[in-house]
Amino acid sequence: MATVVREAAIERRESRLARIFDHPTVLSVIFMLPAGLLLTLFLTYPLGLGIWLGFTDTRIGRPGAFIGLENYISLFGDGVFLLSVFNTLLYTTVATVFKFAIGLWLALLLNNRLPFKAFLRAIVLLPFIIPTVLSAIAFWWMYDTQFSIISFALVEFGLIDEFIDFLGQPNAARASVIAANVWRGIPFVAICLLAGLQTISPSLYEAAALDGASAWQRFRHITVPTLMPILSIVLTFSVLFTFTDFQLIYAITRGGPINATHLMATLAFQRAIPGGQLGEGAAIATAMIPFLVAATLLSYYGLQRRKWQQGGKDD
Amino acid sequence: MASVVIRDVEKAFGSTKVIHGIGIDIADGEFVVLVGPSGCGKSTLLRMIAGLEQITGGTISIGERVVNDIRPKDRDVAMVFQNYALYPHMTVYDNMGFSLKLRRADKAVVDERVKKAADILNLSTLLHRYPRQLSGGQRQRVAMGRAIVRDPQVFLFDEPLSNLDAKLRVAMRTEIKALHQRLKTTTVYVTHDQIEAMTMADRIVVMHDGIVEQIGTPLDLYDRPANLFVAGFIGSPAMNFIRGRLRRNGTGALIEANGGTRLTLPNEVPGVDGQEVVFGIRPEHLELDDGDANGAGLRAEILVVEPTGAELQIVAEAAGEQLTAVFTERHPFAPGEPVTLCPRPDAIHLFDAETGDHL
Ligand SMILES: Nc1ncnc2c1ncn2[C@@H]1O[C@H](COP(=O)(O)OP(=O)(O)O)[C@@H](O)[C@H]1O
Ligand SMILES: [Mg+2]
């Protein structure tokens, strides 16, 4: 009798353990643990160090002391920092709008039956495969006050009388670096959206055409909604890349003229490395985090699987 | 509703011609099935009626109006696609109401028409689901619902049942046919499945390699196939064929098949002495020798016995060919046994071996 009872108890205990391990939440935690530990180690250490430095007055060659929020307080009264925040927001917003408008247009174009399609697609990818620094130097040369090919062409066509000072005036310089960023960012957007467009079954367009939809209505009611999931992913990445851009600015203007094109990333670098104020630079970089988190959260809602994407396979 | 008239229609993709002059008259309210093997151009023809493909030559008219240069949206036809092509981001309700919405129909009108169609198709409880949340058969019905909401001149179906499992296919076949009897909308239905064609069609168009082989009612095609292709394509299990030479001696006729097998024929069969022919007989028209065949039957050896319950099917070898025979009575056959199969004289088909035409 007693043994039977004990065995039953063991069995019950085992089955409870088995049940716990069968629980999807428990299982997923267990399986994610190794990867999670690695990520914590290698991703959060540099991040944590950066944030810590922001609370110190570390300089190059001299370990700093903890000074609390002093760096941040001084940054809030720092006109150059505030200007760089404004520049970054402007740069990100304007560049993203243009990248998406032109990228979507190109993707739609490339999604049609075109002659030399493979060739055209390769061309669209070009800005993406050229090293950023190389294209930045090319832009710098194109924006040169004396040798600018753009000014030269415009003068030749008789549209302007004298060479444009692209990088010498604040607003002209902002427009110039934004144009360079747009040029460089279009391929990513265009190719991703093209991939998205190609997953849309042609028979949807045919069904819509038979249902009486005009070309615009097909775009509006088929293309846009079915492209939205991928559009929001691409948008998130594009915003993150643009917001944290460094290379283009540093190679073309170094933040000038009079800090008109300084982004938070370039200013952080300038203060930290050439300027030697590691603590302050780290604080500027850390100040980017809330913006990035906000942008990510916003698109998180866009990224969520829509109701219509859930359930069953869709063959 | 409208008639559809197809005249000398041709289609080429670049330099490859896939449809070589097709003519079909479809009457108002008729249910016509285009059937043929894969790649014969059925879908292409259907898509030309819909306006999704340019017409290379000839004309297509819908209700007296030549539609060659009319855009799909102005042809007033509705199509059910093989993959259903439901809008994934719209609910069943919105899928069905989309065409009316585009036409800026009154909300109440949309609601009434969608609900009515949903009622007919048993979709009333699914109106707020998305296509992904539906089973194959339900999606199929939504696709049909989208078509009937519009009340078009013509329904076009492109293999609508081929993604469904066998049982559902049979059920949907009946449903589509019942729907047609109720709505009486002119319908062109494409399939590669001759059973679907036989069971659903008012008239069948058998296509092959971009041409029409024969047009007729299902029983017409079954009883009087115009050529070898139609004879072999329509009917399941397929018609048996034996190649040979026709011999006549004034009082009788026979076929000399491979290996010297001789098969006596009634004297009335057409054809001239010495002609190369293909002899055709449907499986259910092969009967067992009940003793009075006098050597007129085909001596065969049973290879396989396949009872289906309702029928008994055997595959036997005679004259170097495999023959299928179907019996409604249950016989104690066994593989390896000899059997004598007698073709029913009134059910014999003879085809010219060269042209394939029915003699
Ligand atoms: N867009 C196209 N471009 C080139 N060839 C095509 C195209 N569509 C169909 N074809 C060819 O036309 C023929 C008929 O195709 P289709 O009408 O789809 O056949 P079915 O529907 O009878 O199976 C096939 O040989 C196919 O390869
Ligand atoms: Mg087809």
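Begin by selecting chain A and chain B together in this predicted model, and colour the residues where they touch: the contact takes 27 residues from chain A and 26 residues from chain B. Between them the two chains bury about 2400 Å², and 58% of that area lies on carbon and sulfur atoms. To see where chain A contributes, select L210(A), D211(A) and W308(A), which together supply 32% of the area that chain A buries against chain B, more than any other three residues.

Keep D211(A) in view and add R150(B) to the selection, since these residues form a salt bridge in which the closest N and O atoms are 3.6 Å apart. The count of salt bridges between chain A and chain B is two, and eight residue pairs, both members at pLDDT 80 or more, are in polar contact across the interface.

Now show the helices on the side of chain A that touches chain B, where α9 and α10 of chain A are the elements that give two or more residues. Of these, α9(A) gives the most, with seven residues. If you colour this side of chain A by class, you will find nine nonpolar, eleven polar and seven charged residues.

The next stop is the largest pocket, which has a volume of about 1000 Å³. Select N112(A), P202(A), Y205(A), E206(A) and R218(A), which are the closest to the pocket's centre of the 26 residues that line it. The elements that give two or more residues to this lining are α4 (79–111), α9 (202–210) and α10 (215–243) of chain A, so that the tour returns here to α9 and α10, named above for the side of chain A that touches chain B. By class, the lining of the pocket has twelve nonpolar, six polar and eight charged residues.

Two details of the backbone remain, one in each chain. Most residues other than glycine have a negative phi, and most peptide bonds are trans. In chain B, select S236(B) and P237(B), which are joined by a cis peptide bond with an omega of about -5°; P237(B) sits in the loop between α8 (228–233) and β11 (240–248) of chain B. In chain A, finish at N259(A), which has a positive phi of about 60° although it is not a glycine, and which is found in the loop between α11 (247–252) and α12 (264–272) of chain A.

Key. Residues numbered from 1 in each chain as written. Chains lettered and ligands numbered in written order. Predicted model: local features only at pLDDT ≥ 70, side-chain atom pairs only at ≥ 80, totals over all residues. Heavy atoms only, no water. 1 Å grid on protein atoms, 1.4 Å probe; cavity = no way out; pocket = protein on both sides within 12 Å on 5 of 7 lines; lining within 4 Å. Points joined across faces, edges and corners; volume = space filled by probe spheres on them. Helix = DSSP H or I, 4+ residues; strand = E, 2+ residues; numbered from the N terminus. Nonpolar A, V, L, I, M, F, W, Y, C, P; charged D, E, K, R; others polar. Contact = heavy atoms within 4.5 Å. Buried area = accessible area lost by both parts, 1.4 Å probe. Salt bridge = Lys/Arg side-chain N within 4 Å of Asp/Glu carboxyl O. Polar contact = N/O pair within 3.5 Å; in protein donor to acceptor, adjacent residues only side chain to side chain.
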